[in-house]
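User: I am new to this structure. Please take me through it, and give me the reasoning behind each label.

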Amino acid sequence: MANPAYVAVDWGTSSFRLWLIGRDGTVLAERRSGEGMTSAAKAGFSAVLAGHLTAIEAQESLPVIVCGMAGARQGWVEAGYIDVPAPLASILTGAVSVPGESRDIRILPGLAQRDMARPDVMRGEETQLLGALGRASSGAQAVCMPGTHSKWVHVTDSKVTGFSTFMTGELFDVISKHTILSHAVAGAEEQPADADAFAAAVSAAFARPALASNLLFTARSGQLLHGISAAAAQARLSGTLIGLEIAGALQDAANGTDITLVASGRLQALYEQAFKTLSLAFTAIDADAAVRRGLSAAAEAIWPN
């Protein structure tokens, strides 16, 4: 394999992504699996990584840069946090070495907001953020990174001034499976998505976030009284939660703040539709590309040659 420079790894709670990066920045090989922190903690982080490195025939001399939950307290090696407000580039100087390994493995730190009223943490998204915005950005930006726990990060002139975590994805999963609304959405996956119901729910929740729990229940009552489909009920649930998230996230945004959406796949499509429904201008950046760029920036800072 020609000119490999380093291996980049995004190690989440339930997912594992690895890229072999060439000296010209190209992706020479890629590995993905469900061996996130939860399963790697049982199997052994070193063993999981070694298996993937063997599969791509990575040379023993190649260093590895890691972001995500491998650096959590319950992960491989705790990488700690950089406190905000902080420059975006500050994560590049906080990488922690993994002891006892034959190759050079570094894990990047997360970000922490230690405000007693609104404590918050992120791990992995900070690298995605760096890749999305670069080390130098100007003006005020609100960066939305959807997921199980969506992150909204406020950045001004390349400094992270604050951020908020929204449990949107996890709430959707719990509510759709373990509440009365599970009956309303049963069979939704076999039906076409209801874009109109989603847009209406986003608008209603954004306009009246205090009514969120009432709006959620209409997924059930609307089905009982008006015969809305399971897909429409699911769209109401999803749209209500996303509209509620956006309403909360933008409370801290100054007028004229640019919105950057860092996402991919189905989540990207949903959030793009939500922003368009609310007439919010945004720029979309692919999440995979962003995290690779962030890991590359860290690798180049740590191993400049």
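User: What makes S1 and S2 count as paired strands?

Analyst: This is a predicted model. In it, S1 and S2 are joined by 7 bridges and run antiparallel. Pairing needs at least two bridges, so S1 and S2 qualify. One bridge sets Val7 opposite Leu20 in S2. The two strands form a hairpin, with 4 residues between them.

User: How do you know that S1 also pairs with S4, and in which sense?

Analyst: S1 and S4 are joined by 5 bridges and run parallel. The cut-off is at least two bridges, so this is a pair. Trp11, for one, has Gly68 in S4 as its bridge partner.

User: Why is S1 called mostly covered?

Analyst: Buried means under 20% relative accessible area. In S1, 8 of its 8 residues are buried.

User: What is the strand order of the sheet, and why do S3 and S7 stand at the edges?

Analyst: The order is S3-S2-S1-S4-S8-S7, an open sheet of 6 strands with mixed pairing. Strand S3 (27–33) and strand S7 (96–97) each have a single partner strand, so one side of each is left without a neighbour in the sheet. Further in, S4 (residues 64–68) and S8 (residues 105–107) pair in the parallel sense over 3 bridges. Val64 has Ile105 as its bridge partner in S8.

User: Which helix packs on the sheet, and which strands does it touch?

Analyst: Helix H10 (residues 287–302) does. It touches S1, S2, S3, S4 and S8, and its direction makes about 130° with that of S4.

User: Why is H3 called roughly perpendicular to H10?

Analyst: The axes of H3 (residues 125–133) and H10 cross at roughly 95° and come within 6 Å. Angles of 65 to 115 degrees count as roughly perpendicular, so H3 and H10 fit that label. On the H3 side, the contact includes Thr127, Leu130 and Gly131; on the H10 side, it includes Ala290, Arg293 and Leu295. The contact residues divide into 7 nonpolar, 4 polar and 1 charged.

User: What makes H7 and H8 roughly antiparallel?

Analyst: The axes of H7 (residues 212–226) and H8 (residues 230–249) cross at roughly 175°. Angles over 145 count as roughly antiparallel, so H7 and H8 earn the name. Their axes come within 9 Å. Among the contact residues are Leu215 and Leu216 of H7, and Leu237 and Leu241 of H8. The division here is 9 nonpolar, 4 polar and 1 charged.

User: How do you know that the length of H8 agrees with its number of residues?

Analyst: At 1.5 Å a residue, the 20 residues of H8 should span 28 Å. The end C-alpha atoms are 29 Å apart, which agrees.

User: Why is H8 described as largely enclosed?

Analyst: In H8, 17 of the 20 residues are buried, so the rest of the structure largely encloses it.

User: How does the reach of H9 compare with the expected value, and which of its residues are buried?

Analyst: H9 (residues 265–277) has 13 residues and reaches 19 Å from first C-alpha to last, close to the 18 Å expected. Its buried residues are Leu270, Tyr271, Glu272, Ala274 and Phe275. Just after H9, Ser279 takes a positive phi of about 55°.

User: Why is Ala89 called partly exposed?

Analyst: Ala89 has a relative accessible area of 26%. Buried means under 20% and exposed over 50%, so Ala89 falls in between. Ala89 is found in the loop between S6 (86–87) and S7. Ala89 and Leu130 are 41 residues apart in sequence, and 7.2 Å apart in space, C-alpha to C-alpha.

Notes: Residues are numbered from 1 along each chain as its sequence is written. This is a predicted model: local features need pLDDT of at least 70, side-chain atom pairs count only at pLDDT 80 or more; totals for chains, interfaces and linings use all residues. Side-chain values use heavy atoms; hydrogens and water are left out. Contact means heavy atoms within 4.5 Å. Axes are lines fitted to C-alpha atoms, for helices over the stretch in contact, and angles run from 0 to 180 degrees between N-to-C directions. Angles under 35 degrees count as roughly parallel, over 145 as roughly antiparallel, 65 to 115 as roughly perpendicular and the rest as oblique. Ala, Val, Leu, Ile, Met, Phe, Trp, Tyr, Cys and Pro count as nonpolar, Asp, Glu, Lys and Arg as charged, and the others, Gly among them, as polar. The expected span of a helix is 1.5 Å times one less than its number of residues. Buried means under 20% relative accessible area, exposed over 50%, partly exposed in between (1.4 Å probe, protein chains only).
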